[in-house]
Amino acid sequence: MSNNVLEVGAALIFKNGKFLITQRLEADSFGGHWELPGGKKEPTESLEECVVRELKEELDIEVEIKHFFRILTYHYPQRSVRLNIFFCSHKSGEPKTIECQAYAWVDPKDLPTYKFPEADQTLIQELSQRNDWDVYLDSLKYPHEYLEGIRLFNSQEYFECHEMLEDLWHPSEGQERLHYQGLIQAAIALEHFRKDNWTGAVGLYGKACEKWAQLPPQFMGVDLKWLKEKLDIFFGQVQKAGPTGMRGVDIGQAPKIPLPE
C-alpha cells in the first residue's frame, strides 16, 4: 500500500429510515460541510476497529459493523485519501457533538439538500435513491464485498479490486475459491499491464484462465465465458505487441463486468 494514501474509515448508520451524518468543524478542511462520521485509521487497528473507535470519540455512540459498503479514493495534490465505508447499526448512546459542530438524522431523499464535498456527490445521489437500505443489504444474493470488488474492477481500480476480493478468497473453498482467485489474477494482470510489466500481465492472465477452465461458463452471476472472450482479445493484443509495444494497447478496451443480480 502506498505511503501517500491516507486510510479513512466511515460509517453508514441507518436507523428508523434515516442516515446519521455529521457537520465538520469550521476550522477543519472542508469546514462546515457534511459527511459520514468516521476518521483516520491508526497503524495498529483494522478499518472496522477504526470506525468503532471514531464513532465513540466523535459522537459518543456505540456501533456494530454489519456490512462492508464501498471504497472511494480521492486524489489531492498532497496525497490520496481512501474512504472505506461500512454499513453499521446503532447499538447505544445518544449522539453528542464532541468532534463535530452538528449532527442530523436525514431521510435518504433529503441528503442532496445538505452541503457535502463535491467528491461525495455521486455517493450521496446513490444513497438518496432508496429508503430501505437495511433490508436491501441484508437481502443481497452475493456478498457486498464481491459486488464492490467487481465495481472496483470496472472503475479500473485493479489493485483495490484485488484487495477487496482477497478478503473473500482467503476463507472460501471449492469453486468459489477458484472464482475469486481468477478475478484477482485478472485484475492484477491488468494492473501489471498498466505498470508496463508485460511478463507479469501475460503470465497472470494465463493463471486466471487456468482457474476459469475449472468453472462453469456462468458462475456467481458472472458470464465467465463472455469475460474470458473479451479479455482474450485484450491480452492477445498485449502479447502480440510485446514488452516494447504494449503501450500502444488501450486499457480502455478492457471489459467491464456486468454486476451480478
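Strands S5 and S6 form a hairpin, with four residues between them. The model is predicted. S5 covers residues 62-75 and S6 covers residues 80-92. The two strands pair in the antiparallel sense, over twelve bridges. Glu-62 marks one place in this pairing: it stands opposite Ser-92 in S6. In a regular strand, side chains alternate between the two faces of the sheet.

Stay on S5 and go to Arg-70, which lies in this strand. Is Arg-70 buried or exposed? Its relative accessible area is 8%, and buried means under 20%, so Arg-70 is buried. Which residues does Arg-70 touch, not counting residues up to four places away in sequence? They are Leu-83, Asn-84, Ile-85, Glu-126, Glu-148 and Arg-151. Two of the glutamates deserve a closer look. The side chain of Arg-70 makes a polar contact with the side chain of Glu-126, at 2.8 Å. A polar contact of 2.8 Å also joins the side chains of Arg-70 and Glu-148. For a sense of scale, take Asp-232. Arg-70 and Asp-232 are 162 residues apart in sequence, and their C-alpha atoms are 29 Å apart in space.

Glu-148 leads to helix H4, where it is among the buried residues. H4 runs over residues 144-154, and nine of its eleven residues are buried, so the helix is largely enclosed by the rest of the structure. Besides Glu-148, the buried set holds His-144, Tyr-146, Leu-147, Gly-149, Ile-150, Leu-152, Phe-153 and Asn-154. What do the buried residues of H4 pack against? Strand S5 is one partner, and helices H3, H5 and H6 are others. Strands S8 (218-219) and S9 (222-223) are also on the list. H4 is followed by Gln-156, whose phi is positive, near 60°.

Two of those partners, H5 and H6, also pack on each other. Two packed helices are described by the angle between their axes and the distance between the axes. H5 (residues 158-169) and H6 (residues 174-194) pack at an angle of about 160°, with their axes 9 Å apart. That angle makes H5 roughly antiparallel to H6. H5 passes H6 in a left-handed crossing. On the H5 side, the contact is made by Tyr-158, Phe-159, Cys-161, His-162, Leu-165, Glu-166, Leu-168 and Trp-169. On the H6 side, the residues in contact include Tyr-180, Leu-183, Ile-184, Ala-187 and Arg-194.

Now follow the chain to helices H7 (residues 198-212) and H8 (residues 224-245). Their axes come within 10 Å and cross at roughly 155°. That makes H7 roughly antiparallel to H8. The crossing is left-handed. H7 makes the contact through Trp-198, Ala-201, Val-202, Tyr-205, Cys-209 and Trp-212. H8 contributes residues including Leu-224, Leu-231, Phe-235 and Gly-242. Asp-232, the far end of the distance from Arg-70, is also among the H8 residues in this contact.

Finally, turn back to strand S2 (residues 18-23), where Gln-23 is found. At 16% relative accessibility, Gln-23 counts as buried. Where does the side chain of Gln-23 reach? It reaches the backbone oxygen of Gly-32, at 2.9 Å. Leaving aside neighbours within four places in sequence, Gln-23 is in contact with Gly-32, His-33, Trp-34, Cys-100, Gln-101 and Ala-102.

Methods: Residues numbered from 1 in each chain as written. Predicted model: local features only at pLDDT ≥ 70, side-chain atom pairs only at ≥ 80, totals over all residues. Heavy atoms only, no water. Pairing = 2+ DSSP bridges. Buried < 20%, exposed > 50% of the residue type's maximum accessible area, 1.4 Å probe, protein only. Contact = heavy atoms within 4.5 Å. Polar contact = N/O pair within 3.5 Å; in protein donor to acceptor, adjacent residues only side chain to side chain. Axes fitted to C-alpha atoms, helices over the stretch in contact; angles between N-to-C directions. Parallel < 35°, antiparallel > 145°, perpendicular 65-115°, else oblique. Left-handed = near helix turned anticlockwise from the far one by under 90°.
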